[in-house]
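Biologist: I would like a close look at a single part of this model. Please keep to one enclosed space and its lining.

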Amino acid sequence: MKIKILSMLFVASILLVACKDEQKEPVKEEKKETAITSEEDFNYVVDEFADLKILHYQIPGWEDLSLKKQKLVYYLTQAGLAGRDIIWDQNYKHNLAIREALENIYTTYSGDKSSDDWKNFETYVKRVWFSNGIHHHYSMDKMKPEFNKAYFDGLLKSTNTSLTGEAYEVIFNDKDAKKVNLNEEKGLIKGSAVNFYGENITAEEVDKFYANKKSPNPKKPLSFGLNSKLVKENGKLVEKVWKSGGMYGSAIDEIVKWLEKAKTVAENEKQAKALGLLIDYYNTGDLQTWDDYNVAWVDATEGDIDYINSFIEVYNDPKGYRGSYETIVQIKDFDMSKKMQVFEDNVQWFEDNSPIMDQHKKEEVVGVTYKTVIVAGEAGDASPSTPIGVNLPNANWIREAHGSKSVSLGNLINAYSQAGGSEKLKEFAHDEEEVELSEKYGETADKLHTALHEVVGHASGKINEGVGETKETLKNYASTMEEGRADLVGLYYLMDPKLEELGLTDDYEKLGKAAYNDYIRNGLVTQLVRLNLGDDVEEAHMRNRQWVSAWVYEKGKKDSIIVKEIKDGKTYYDIKDYQKLRVLFGELLSETQRIKSEGDFQAAKNLVENYGVKVDQKLHKEILERNEKFKSAPYSGFVNPVLVPETNEQGEITKIEVTQPASFEEQMLEYAKKYHNLPVKN
Ligand SMILES: [Zn+2]
């Protein structure tokens, strides 16, 4: 599971270094900025275009790692990047062909680059880079270019670029308009452009196909469908498996090559064993090996370096089977981890004192780890748009039997904070006290919420015996229900004296107030700036923030727990009774856990559809107007630091330096050249 940034506002309000004006000045001559040492000198914002902002991040403590550990990090980042093309093809079957054409134009066009048309073309290319394809990374909508077909034809011609047929037409027409469609009426598969299913396959056929697959041990269900594309051949459904020698084989072989190197510098036996199993899995595509790998990976907790690498999250599959390729390479952040250890040590207390029904509580919450890590490199679905926290593996039986690893991506969260400003908070907060609380306690509240969400939230509760995994029972509502449930665990405890007792805050009431204000404001108001007027809420995390907020608002109406106020034509939500709001969060948590435990699809559907999807058009319009004065882009992502190895005469690495790319386009073009490991058609 991944945690996307809780709320831009939330984080933007924390540290008041306003970098909005520090727009990048692309350094044309200098290829790379070298070794940035002090925080103040570091310009977090690299680029801004459309609704996007590109940030840098640093790798604090890099110099303190031994050369062997630096090598491990380096090999793992290379392994990740080696599979970069996979996510492009997974996202949409024509993405690689389109990218190649766009990049050829971008690098060879010698005509007028001062025209609006060219600037619009440039923006389109950057947006496509950012989304790893032609669909918006967050809204899932196909992005509309702001240049016309005639202009594009001219560019193709003058640069000798060839792009024909559907790959060409789709840039301008209405086909394949949504990457992932969760509206059943449009057909989950038919309505989704994502490249996980062949032509003419229905959701019912997929269900039937996988219902017939039986795991050797029903208590340890294999992740059927995780690493393949499902196609119809001669009227029969077949999986095209992503493995060496199979689909994406040429990229996978490159991944394996780097993983082999990583294995030679593993920190310990367990880590080496896990890497070995991952290599086996890539070579064979065998799902039993995948589970063996995950067990070994969860078990390998002693190293300072860790990583995620494979087909992991299933959010991009409307049916929730197939994993998107992603990788994150991490270095342990010892300082922050110490603080979060507190939650781990007390996880049973949180389970025992949870407002969920007793029969849904775990008698023993197993092996949850929570770590703040320093990210050293990302690729695939995790880049340039990144999660801020990750909790893996996804298979429930492994989580229950072996525990899970949960990390918060500390240096990325820090970069987000540094790049923000506080003016937005002032615009949307109801009163001065709310602003002050958010500024003083918002950052801690945010961190503790993420920690509670991951460590306690995802680990909490159990599914009734005989009830299936949520992807079978709650289907397309499984993700948003799980994220909402974990959020609610966090919300319930953010106003608990236990936090003060554990030394996590100096004032749990103020911390809780800040957390509740920020959550409700985001869930009911500010997250709407990410949507276009008329759009429904689609993304799982956005949905859960809205259904949680809208539900407690409605249930608390008669007691005026949250009051909607309109001042000078501006809408605000003001929390009048925090303790009663906490009780409501508890009630909703209990109900959400019941839905998960019993697999109550209808209740999940009602909750999400009634509270999480529709948007009040009048309010939305107002919010968008109020937001207009803030130029800052609603979405951010990152360029990766560049790890540059120095070698001696024998070709051995003697030193690895961290540099920063000069610009977003420089990194994207370099990646395209260096890690172009797939043909345009797969
Ligand atoms: Zn989560």
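Biologist: How do the residues of the lining of the second largest cavity divide into nonpolar, polar and charged?

Modeller: The lining divides into six nonpolar, four polar and six charged residues (nonpolar: Ala, Val, Leu, Ile, Met, Phe, Trp, Tyr, Cys and Pro; charged: Asp, Glu, Lys and Arg; polar: the others, Gly among them). The model is predicted: local features need pLDDT of at least 70 and side-chain atom pairs 80 or more, while totals for chains, interfaces and linings use all residues. Numbering runs from 1 along each chain as its sequence is written, and side-chain values use heavy atoms, without hydrogens or water.

Searching the whole structure gives 10 cavities of 30 Å³ or more (a cavity is a set of points on a 1 Å grid over the protein atoms alone where a 1.4 Å probe fits but cannot get out). The second largest has a volume of about 130 Å³, taken as the space filled by probe spheres set on the points, which are joined across faces, edges and corners. It is lined by 16 residues (those with an atom within 4 Å of a point). Closest to the centre of this cavity are Ala 300, Gly 303, Ile 305, Asp 306 and Lys 371.

Turning to the elements, two or more lining residues come from each of β7 (305–311), β8 (325–332), β9 (368–380) and β11 (404–409) (strands are DSSP runs of E, at least two residues, numbered from the N terminus). Of these, β7 contributes the most to the lining, with three residues.

Note on methods:
1 Å grid on protein atoms, 1.4 Å probe; cavity = no way out; pocket = protein on both sides within 12 Å on 5 of 7 lines; lining within 4 Å. Helix = DSSP H or I, 4+ residues; strand = E, 2+ residues; numbered from the N terminus.
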